[in-house]
Amino acid sequence: MPKIKIDKVRCKGCYLCIVNCPNGLIKIANGLNIKGVKPAVFSGGKCTGCTMCAVICPECIIEVYR
Amino acid sequence: MKSRAKGKGKGKGKGKGKGHALTENNLIFAHPASLRDVENHYCAGCGHGIVHRLICEAVDEFGIREKTIGVAPVGCAVLAYDYWDFDVTEAAHGRTPAVATGIKRVRPDNIVFTYQGDGDLAAIGTAEIIHTANRGENITVIFVNNGVYGMTGGQMAPTTLAGQKTATTIYGRSLKRDGYPIKILEMLAVLPGAKYLERVAVNSAHEVLRAKRAIKNAFKMQIDNKGFSMVEVLSMCPTYWEMTSIQAAKRINDEVATFYPLGVIKSC
């Protein structure tokens, strides 16, 4: 099944990936990263590998595997 | 997307997800090779990071990394040379197209592009961009328009929309006092030297894919020696629009793109 990997340390918490995921599979983490923001995390589930989250990510920290 | 052979994902995901290993073989989206794998200095939700990546993807896909020369502006993107892994030079405020003209004339085989913000291109650099387009220089201009001066603290720019609140227009931009927002592309479209002008946005994944197509078209114009090409990218500035990144992305659809229409303005 396709998967994504988000670099939690470099995530600045804009959450554009969350609104751009067609299946709503990305969520806000509970804990803080070193910047003091709650990073976006992949919550698992039926990822189709459409790459929309990675395409919108301004930090270019999302890798998509299919 | 050409991916950097990093080996970063190798083996790390083994055992997770029903035996699906995260390896380079099934990596379908990662850093373009010419974008350095470092953290950028932009605010959360800023469109500059996306546009930087789109340029790198275009450069990689055309295979012109070794002969590309970028010209970085003054503004938020002043440190762009830290992120692009090809030759980049810096120019005085607004004089980016003039520097690019010089480089292109001396080295016509190189692919030269400028990267400018709206304070750089539409305010202090208006004369340079108009005359560069009018001369029909064979360069590519990437114009990132977010409607405020981001680097200096969110003051009004020439492209600020009517009624928009900024640090210097605290009651909203008044057309009577401050004049009208400038539509640079429509202004350049009347010049015969300008060959390809397109306006795109980066507020959603769908628009980013369109923006990438436009940037690739603009580079293709230069590679084919067809003349001056320019892409205006409507970008978000959540910090100085004083809203969240998601609200800023929505504002581009609701307000900015209604004044600055998206699409190809001129192509010949």
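## Helix α2 of chain B

Let's start on the outward side of a helix: B:Arg105 and B:Val106 of α2(B) are exposed. This is a predicted model, so please read what follows in that light.

Across from that pair, B:Thr96, B:Pro97, B:Ala100, B:Thr101 and B:Lys104 are buried in α2(B), which spans residues 96–106. Viewed down the helix axis, these buried residues fall within an arc of 135 degrees, so they line one face of α2(B). Their cover includes two helices of chain B, α3 (118–124) and α4 (126–135), along with the strands β2 (68–72), β4 (111–117) and β5 (140–145).

## A sheet built from both chains

Next comes an open sheet of 3 strands, ordered β1(A)-β4(A)-β1(B) and paired antiparallel. Its edge strands are β1 (3–6) of chain A and β1 (27–29) of chain B, each pairing on one side only. From one strand to the next, the twist averages 35 degrees.

Within chain A, 4 bridges join β1(A) to β4(A), residues 62–65; here A:Lys5 has A:Glu63 as its bridge partner. Between the chains, 2 bridges link β4(A) with β1(B), and A:Tyr65 is partnered with B:Leu27.

## Where the chains touch

The contact draws 24 residues from chain A and 30 residues from chain B. On the chain A side, β1, α1 (16–20), α2 (52–56) and β4 each supply at least two residues. The largest share, 4 residues, belongs to α2(A). Sorted by class, the side of chain A that touches chain B holds 13 nonpolar, 4 polar and 7 charged residues.

How values were computed: Residues numbered from 1 in each chain as written. Chains lettered and ligands numbered in written order. Predicted model: local features only at pLDDT ≥ 70, side-chain atom pairs only at ≥ 80, totals over all residues. Buried ≥ 20, exposed ≤ 12 C-beta atoms within 10 Å, placed from the backbone. Arc of directions from axis to C-beta. Contact = placed C-beta atoms within 7 Å. Pairing = 2+ DSSP bridges. Axes fitted to C-alpha atoms, helices over the stretch in contact; angles between N-to-C directions. Nonpolar A, V, L, I, M, F, W, Y, C, P; charged D, E, K, R; others polar.
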